[in-house]
Structure formats: C-alpha cells, structure tokens
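The following exercises ask the reader to work from the sequence and the three-dimensional model together. Each task is followed by a solution in steps.

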Amino acid sequence: MLVSLNWLKQYVDIEDQTPEELAELITKTGIEVESVEPIAEKLNDVVVGHVLSCEQHPNADKLNLCQVDVGEETLQIICGAPNIAADQKVAVAKPGAVLPGNFKIKKAKLRGVESNGMICSLQELGVDEKDVPKEFVDGIFVFQDEVEVGENAIELLNLDDIIIELGLTPNRADCLSMLGVAYEVAAILDQPFTPQEEILHPVQEKASDYISVHVEDPDLNPYYGAFIVKEVKIGPSPLWMRNRLIAAGVRPINNVVDITNYVLLEYGQPLHAFDLDRFGTDEVVVRRAKENETITTLDEQKRNLKPDHLVITNGKQPTAIAGVMGGADSEVHEGTSNILLEAAYFQPVAVRTASKDHGLRSEASTRFEKGVDPNRVVRAGMKACELLEKYANGKVLDGVVEFDQLAREPKKVEITSSHINERLGTSIPDEEIADILRRLQFGYEQKGEMFTVTVPTRRGDVELFEDMLEEVARIYGYDNLPYTLPGGASQAGGLTLHQQLKRKVKNYLQGAGLDETITYSLTNAERVSQLVSREVKKQAAAPVSLAMPMSEEHSHLRLSILPELLASLSYNVARKQTDLAYYELGTVFISEEEQVTVQPKEQLRLSGALTGNWLVHPWQQEKKAVDFFVVKGLVEGMADLLDLKLTYKQAKLPDMHPGRTAEVYLGEKVIGFIGQVHPKLQNDLDLKDTYVFDLNAEELFAHYQKEEAFQAIPKYPSISRDIALVVEEQSAAGEIAETILHAGAPLVKDVRIFDVYQGEHLEEGKKSIAFNLLYMDPNRTLKDKEVEEAHEKILTAVKEKHQAELRG
C-alpha cells in the first residue's frame with residue numbers, strides 16, 4: 001500500500017512528525033514500513049507558464065519558438081513537443097533550475113535562436129512513465145484546471161510529496177485504504193479523525209425506474225447496490241485527484257474511471273461503472289457462470305468461465321467477472337452519457353478463485369479477497385456519486401437499487417485488565433486501557449476491570465481476546481513491555497549422535513576432494529527407477545507419484561540419489577568441466593504400498609558420483625583417472641572412520657557395468673553398491689567413464705560404536721611375510737583375504753593385497769594375487785616355527801577353499 005503523506009494530511013494532523021519519525025512509529029505498532037521515498041527528486045524554479053505564442057522555429061521543422069509568460073517576465077523558449085500550442089498553461093523550468101538526473105537548465109542557442117528555459121513533460125519532472133496520463137506520455141504536460149501564471153508547479157503537481165510504502169500482512173486489510181491508514185495513524189499519534197459524510201443532491205427521478213437487481217446466490221453476493229448517474233460529461237479528472245492517483249501508482253484515465261479508482265483507494269471499496277446504454281437490458285442478475293460460458297474483458301481477452309466463477313450479467317450474458325474485471329462490451333468510453341455504478345460485497349473465496357483461474361490480479365480483487373468493510377459499501381457508492389455530480393456534471397438519480405442480505409453487526413469481545421496484564425507481564429491501569437480503546441475508536445462498556453468492546457466492522461481481523469490483546473499491546477508500545485530472561489535450569493545445547501556422524505562423514509568426503517550437492521527430491525518417471533539399490537527395491541512396492549506435480553520433470557519422489565547426481569555431472573561436463581566428484585547425504589522415499597495411503601518411509605542414503613581424473617600432477621606429468629578402486633577406497637576410508645567392516649561381492653545390477661560392479665555388505669546385509677555406470681547410460685548422458693557409490697547411511701550409523709577403546713602400542717616385534725597365490729581369474733581377492741585371516745588366527749593381524757598380475761608365465765584364465773601378512777602376538781615374541789606352522793596352515797586353507805597354488 002502506497003500512502004501519500006500530502007493526502008494523509010487531509011485527514012490527520014501529522015505536521016509534528018517527520019516522514020522518518022512517522023514511519024518508525026507505524027513500524028513499532030505492528031505494520032512494517034518498507035520504504036519512505038519522495039515522489040520525485042527535489043526541484044525548484046519550476047513554475048506555471050502561459051504560452052502567449054507558438055510559431056515554427058525559423059531553422060528547424062520540428063521545433064517551435066514560444067513566448068511564455070511566467071509571471072515576472074516573458075521567456076523565449078524553444079520546444080519540440082508535438083502537443084505544444086498557444087494559450088496553454090504549462091510547467092516551465094526557468095534558467096537555473098535543476099531537474100531529476102542533475103539536469104541543469106541554462107540559457108542556450110538551438111539552431112541559432114536563443115532559448116531561456118524548458119517547457120517540461122511529467123517524465124522530465126520525475127514522474128514514472130507508467131503513471132503519466134496517456135495524452136501526455138509523448139509530450140509536455142498541459143494544465144487543464146484553472147491555475148495562476150507564475151504559481152509553483154511543483155506544489156500544484158504534488159511533486160513535493162513523500163510516499164510511505166506499507167508492507168501489510170493479510171490480516172490488516174483495513175489499511176488497504178486511506179481512511180484505514182488515517183484511523184491507524186490517528187490512534188498512534190492520539191490525534192482526532194472523523195471521516196466526512198457523503199453529500200448527494202439527487203434529482204427526482206428514481207433509479208429503480210431504470211434498473212432492477214436480482215442475486216441468485218446470496219452466499220457469494222450478500223449485497224449488490226446499483227446507482228444510476230445520468231448525463232455525465234467524460235473528460236479529465238481534477239488535478240488534485242490525478243495527483244493522488246499518481247502518488248498511489250495509478251494512471252489517470254478520465255473523470256469517471258478516476259473517480260472509481262479514487263474511491264477504491266480512499267474507502268478500500270472497489271466499484272465498477274457500466275455504460276448504462278450499452279448494458280443491454282434494464283436488469284442486473286448476479287449468478288454463477290455457466291459451463292463453457294465466455295466473456296471478453298476490458299483487456300480485450302476472451303475468457304472461459306466456470307460454474308464456480310461469479311458473474312454480473314444483464315440477464316442474458318455476462319458483463320463482468322464479479323470483483324475481478326469488467327467486460328469490454330459495457331465499458332465506459334468517451335461517448336458515455338449514462339452510468340450504472342456498482343457497489344457490492346462479494347465473498348472473498350469466490351473472487352480469489354476467479355482471480356487465480358484467469359491470472360488477473362487487480363487492486364479490486366486484492367481488496368475483495370481480504371474482505372471489505374460491510375458498512376462502507378454503500379457509503380463508497382455515495383461518495384463516487386457525489387464526485388460524479390461535482391466533476392462529471394452528472395445527475396444522480398434518487399435511491400439505490402439493491403439486494404441486501406449482508407450482516408453488518410459489529411463483533412463484541414470481552415477483555416479484563418487483569419487478564420491482559422497477566423499475559424503481557426505489565427501493570428496497565430484500567431484508565432489507560434480505556435484510553436487505548438478511545439484512540440482506536442473502538443466502542444466499549446466498562447464494569448470494573450471488565451471491558452465489553454464493540455469492534456468496528458472496518459477491523460475484520462479483531463475477533464478474539466488475543467486479537468484485542470495485540471491491539472492493546474501495540475498501542476501501549478511493544479518497547480514498553482517488560483523483558484526478563486527465562487527462569488529455571490538450562491544446559492548447553494549439542495549435536496545428537498546422528499548429527500555428529502553426518503558431519504563426520506561430510507568432513508571426510510570433502511577432505512577427500514568431493515563436493516557436496518543438494519539435488520531435488522523429486523524426479524521424473526524415467527529416472528525414478530534408475531540405479532536403485534537391491535535392498536531398496538525389495539522394500540518399495542512402487543515409486544511414489546505426486547497427485548498434482550508442477551511438471552513432468554518433478555512428478556515422483558526419488559528412490560535413489562544417483563540419477564540426479566549423474567544429471568548434475570552431465571550438466572557440468574557439457575560446460576567444459578571435466579574432473580568432477582560429487583556426493584550427497586540425503587533421503588529417498590520408500591512406500592510399501594502400490595497405492596500410497598500413508599506417508600512414505602524416508603531412508604537416509606549416502607551417494608557419490610565421480611568422473612574424469614582423480615589426481616593430476618602436471619609437474620610430474622602424472623594423471624590418475626577415476627576407477628573402481630578409487631571409489632572403493634573412498635568407501636573403505638569412510639568405513640574405517642566409523643570403525644566398520646564392509647565386504648564386497650561382485651554383482652550384476654541394472655544400469656551398472658556388468659564386470660565392474662559390487663554390492664556392499666555390512667555383516668550379512670546388503671547396504672548398497674559401488675561400481676561403474678553402464679556404458680549405454682554414460683553415452684545417453686554424454687559422460688565418459690563414471691563411477692558411483694550408494695550406501696544406506698542409516699545402517700552405517702546404526703552399527704557405529706560410540707565408545708572408543710584404547711589400544712596400547714605393541715611391545716613385541718611383528719613379522720611380515722609375502723605370499724603370491726595363483727588362482728582362477730574369477731576368484732575374489734577379498735574372499736581369499738578373509739580365508740587367510742581366519743586360518744591364520746590369532747597370529748595374523750592384518751592382510752593387505754599389494755599386487756595382481758595376469759599375463760606371461762601364467763596359464764590362461766589364471767591370475768596371481770600377492771598378499772602381505774602381518775604376524776604378531778601382543779604378549780610375547782613369536783618364534784619362527786610358530787610363524788611357519790601358521791603359514792602352512794594358511795596355504796592349506798586357501799588351496800582347499802580357493803584352489804590357490806603358491807606361485808613359484
């Protein structure tokens with residue numbers, strides 16, 4: 001809501017407050033002031049000039065040589081505006097004036113002829129072009145009211161005004177009008193304010209002789225009033241009214257339209273003027289629209305209507321969408337003579353539905369949606385008639401033709417001073433509470449500490465004790481409320497174990513060189529089934545689809561994080577980023593039902609995707625591309641961090657490389673997989689070799705042992721032995737390592753693989769795996785004989801279980 005202080009001064013005395021001080025007071029009482037801005041930059045030496053003569057420039061076809069009387073002198077001014085003419089009264093910037101943009105007006109010569117000043121357009125004086133009346137957009141501004149030559153044009157054009165912009169919350173619809181703001185400011189400053197009464201001089205003819213009103217759905221339209229104004233003269237509205245409209249960000253059009261817009265801003269009540277002669281019939285029928293019914297609105301758009309849209313009709317066809325926009329067929333135009341003026345109360349939900357369906361958001365619909373004052377509907381219509389009578393020479397017919405089932409009774413709320421003070425922690429006396437109600441202009445009856453408050457209908461947001469409590473508190477002053485520290489024992493906050501582990505894992509992966517991503521939890525129908533871990537597939541009956549998705553790209557809840565990670569890789573690779581490593585710790589959504597009736601289960605998963613080079617050392621001319629063992633090493637490092645033992649088994653999974661994929665086990669349970677993305681999917685995404693991992697983070701965290709055990713440094717030496725075993729090509733090195741640990745227990749403490757060889761000197765289909773074995777007893781020094789016996793036992797075990805032979 002844009003509030004003109006010059007307009008506000010007409011209602012409330014604010015002379016003792018600077019704009020900044022007033023804005024601070026308004027903010028302190030609960031309505032945020034978003035800005036305090038002058039309507040234009042500070043100007044001087046701009047006066048009203050009278051164009052005595054206007055002749056063509058002797059040396060230019062498109063310039064005019066004007067003699068302009070500015071009061072104290074006559075200035076010769078060259079002007080190129082297309083609408084300049086003799087006998088006009090215009091805004092003249094005299095030599096020495098400084099216009100917006102630091103444009104200094106000086107005496108100058110144009111095509112050899114002296115020019116002393118400038119005849120100005122509204123844009124040159126700082127008015128936004130969208131607010132300039134259309135007839136003056138491409139030329140200078142011409143005063144159409146009676147003004148004195150030499151008078152200060154800045155004041156006449158309201159360019160010395162200050163605009164306060166209010167950021168209103170939905171409950172404060174009362175301040176969507178100048179009267180509402182005036183009530184608020186009067187209460188804040190404790191100044192008197194009483195709005196003026198509407199005064200009409202109706203002719204003897206009755207409005208009911210020209211129009212009748214019928215409402216088919218009173219729940220959606222409890223009140224409809226029709227005023228008739230005859231013999232209006234369409235023309236410009238008065239300067240003061242145009243100034244106020246421009247200050248509020250509304251472009252002036254003509255006197256009839258400007259008056260309805262002005263009353264909307266002043267009263268907060270939208271009105272609509274129909275051309276009575278073009279309306280089509282002598283009856284107004286308000287009803288729901290029919291299926292497939294259409295209307296062409298004022299913006300020349302043909303719109304399809306629905307049964308839940310309320311329309312104003314002439315009994316035959318729609319002439320307006322109620323509370324949203326009028327129809328083009330009955331629009332007021334230059335030839336309009338007789339007016340049907342609508343003042344109505346429309347149910348907010350009906351207006352909001354139509355406004356949303358048609359994408360039409362207007363000043364009128366905004367106010368109807370939030371609710372208007374039922375006791376101001378007729379008054380607003382009377383005010384518009386008063387102005388039409390005065391500024392459009394209209395004849396207002398006697399009476400208003402109306403349908404009326406509107407409830408206008410004010411609400412009553414009971415409050416007690418003790419209850420208020422108990423809730424606010426204050427000691428406000430009864431007399432001060434009574435004074436606050438007086439300032440708010442709320443009626444009340446007092447019996448002891450009990451107040452029965454009659455809430456004006458303009459304040460539709462006040463219904464309960466808590467609402468009245470807020471009114472008392474904000475006028476009393478939030479700054480005056482006492483403040484104390486919370487009592488009772490307290491303790492320092494901290495992270496839960498789950499939060500600690502999430503941070504621990506993130507720090508590890510970021511330290512290893514991966515970048516964290518946050519991708520959409522919503523995906524499309526194609527991606528939702530890609531790269532889903534086997535244990536997730538067993539739990540999920542079907543992907544969860546949204547009932548009303550915003551787009552097909554975001555129609556399903558994800559079952560895997562990997563498709564979105566790969567999409568991120570593809571996006572960045574297409575932009576010349578080649579070496580990428582991403583991870584995400586996020587949730588997937590699992591439903592055990594085909595038709596989802598309960599909230600899907602959320603499972604935390606840790607996923608990563610890597611492509612390009614893992615290491616690049618230019619100074620050593622060394623590069624290492626991402627491969628299976630890089631990803632496996634990352635997962636193993638993370639498992640070591642959590643002190644967990646993971647095992648891996650080769651697997652064939654959809655969308656994964658058949659020979660470079662393994663499922664990850666925690667004990668006997670599958671918790672995810674690692675490996676290379678299938679070449680076909682890589683090609684579809686324009687990616688080179690890409691490796692991924694996907695793990696059930698909840699399982700990892702659930703097996704984490706919080707207590708850390710101290711392990712002493714061994715006092716006795718260890719013995720290291722290497723063995724190279726020849727096995728079948730399909731044999732898994734991890735399984736062989738497990739066999740070695742089990743057979744060599746308790747002396748073998750660690751087994752590490754340090755070489756794999758295939759090729760010359762080995763049979764086809766065979767490979768050699770070299771292991772390093774660490775023998776140790778923490779309580780004594782081992783003897784060679786013990787190590788040899790354990791070594792032989794290991795060789796026997798691997799031969800029996802894996803058909804492994806010691807390489808010669």
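**Exercise 1. Aromatic rings**

Which residues form one aromatic cluster? Describe also two aromatic pairs.

*Solution.* The model is a predicted one.

Step 1. The aromatic cluster is formed by Trp-7, Trp-240, Tyr-262 and Tyr-391.

Step 2. A search of the whole structure yields eleven aromatic pairs. In one of them, the ring centres of Tyr-183 and Phe-193 are 4.9 Å apart and the planes meet at 80°; planes over 60 degrees apart count as edge-to-face, so this pair is edge-to-face.

Step 3. Locate the two partners. Tyr-183 belongs to helix α4 (residues 178-189), while Phe-193 is in the loop between α4 and β13 (212-215), ten residues apart.

Step 4. Classify their accessibility. A residue is buried when its relative accessible area is under 20%. Tyr-183, with 14%, is therefore buried, and Phe-193, with 4%, is therefore buried as well.

Step 5. Turn to the pair of Trp-240 and Tyr-262, which is edge-to-face, with 5.4 Å from centre to centre and 85° between the planes. Trp-240 is part of helix α5 (residues 239-247) and Tyr-262 of helix α6, so the pair ties together parts 22 residues apart in sequence.

Step 6. Tyr-262 has a relative accessibility of 3% and counts as buried. Trp-240 has a relative accessible area of 29% and is partly exposed.

**Exercise 2. The surroundings of helix α9**

Why is helix α9 (residues 363-370) described as largely enclosed by the rest of the structure?

*Solution.*

Step 1. List the buried residues of α9: Ala-364, Ser-365, Thr-366, Arg-367, Phe-368 and Glu-369.

Step 2. Relate this list to the length of the helix. Six of the eight residues of α9 are buried, and therefore the rest of the structure largely encloses the helix.

Step 3. Identify the cover. Elements covering the buried residues of α9 include α6 (255-267), β22 (339-345) and α8 (348-358).

Step 4. Examine the end of the helix. Gly-371, just after α9, has a positive phi of about 100°.

**Exercise 3. Domains and the largest cavity**

Between which domains does the largest cavity lie?

*Solution.*

Step 1. Set out the domain assignment of the protein chain: domain 1 (2-39 + 162-189), domain 2 (46-156), domain 3 (207-404), domain 4 (413-480), domain 5 (497-702) and domain 6 (719-806). The centres of domain 3 and domain 4, taken over C-alpha atoms, are separated by 37 Å.

Step 2. Consider the cavities. Rolling a probe the size of a water molecule over the atoms shows where empty space is left. The count here is six cavities of 30 Å³ or more, and the largest cavity has a volume of about 80 Å³.

Step 3. Name the lining of the largest cavity: Ile-39, Leu-122, Val-127, Pro-133, Phe-141, Leu-157, Leu-159, Leu-239, Arg-242, Asn-243 and Ile-246. By type, these residues divide into nine nonpolar, one polar and one charged.

Step 4. Draw the conclusion. Residues of both domain 2 and domain 3 take part in this lining, so the largest cavity lies between these two domains.

**Exercise 4. The two largest pockets**

Which element supplies the largest share of the lining of the largest pocket, and which gives the most to the lining of the second largest pocket?

*Solution.*

Step 1. Begin with the largest pocket, whose volume is about 1700 Å³. Its lining has 42 residues, and those nearest its centre are Lys-632, Tyr-648, Ala-733, Gly-734 and Ile-753.

Step 2. Find the contributing elements. At least two lining residues come from each of α17 (628-641), β35 (646-650), β36 (656-666), α20 (733-744), β40 (748-757) and β41 (766-775). The largest share, seven residues, is supplied by α17.

Step 3. Note the domains and residue types. Domain 5 and domain 6 each give at least three residues to this lining. The lining of the largest pocket comprises 17 nonpolar, ten polar and 15 charged residues.

Step 4. Proceed to the second largest pocket, with a volume of about 1100 Å³. It is lined by 39 residues, of which Ile-253, Val-257, Thr-260, Asn-261 and Leu-298 are the closest to its centre.

Step 5. Find its contributing elements. α6, β15 (271-275), β20 (318-321), β21 (325-326) and α9 each give at least two residues to the lining of the second largest pocket. Of these, α6 gives the most, with five residues.

Step 6. Divide the lining of the second largest pocket by type: 21 residues are nonpolar, ten polar and eight charged.

Methods: Residues numbered from 1 in each chain as written. Predicted model: local features only at pLDDT ≥ 70, side-chain atom pairs only at ≥ 80, totals over all residues. Heavy atoms only, no water. Buried < 20%, exposed > 50% of the residue type's maximum accessible area, 1.4 Å probe, protein only. Helix = DSSP H or I, 4+ residues; strand = E, 2+ residues; numbered from the N terminus. Contact = heavy atoms within 4.5 Å. 1 Å grid on protein atoms, 1.4 Å probe; cavity = no way out; pocket = protein on both sides within 12 Å on 5 of 7 lines; lining within 4 Å. Points joined across faces, edges and corners; volume = space filled by probe spheres on them. Nonpolar A, V, L, I, M, F, W, Y, C, P; charged D, E, K, R; others polar. Domains from an automatic or database assignment. Phe/Tyr/Trp six-rings, centres within 6.5 Å; stacked < 30°, edge-to-face > 60°.
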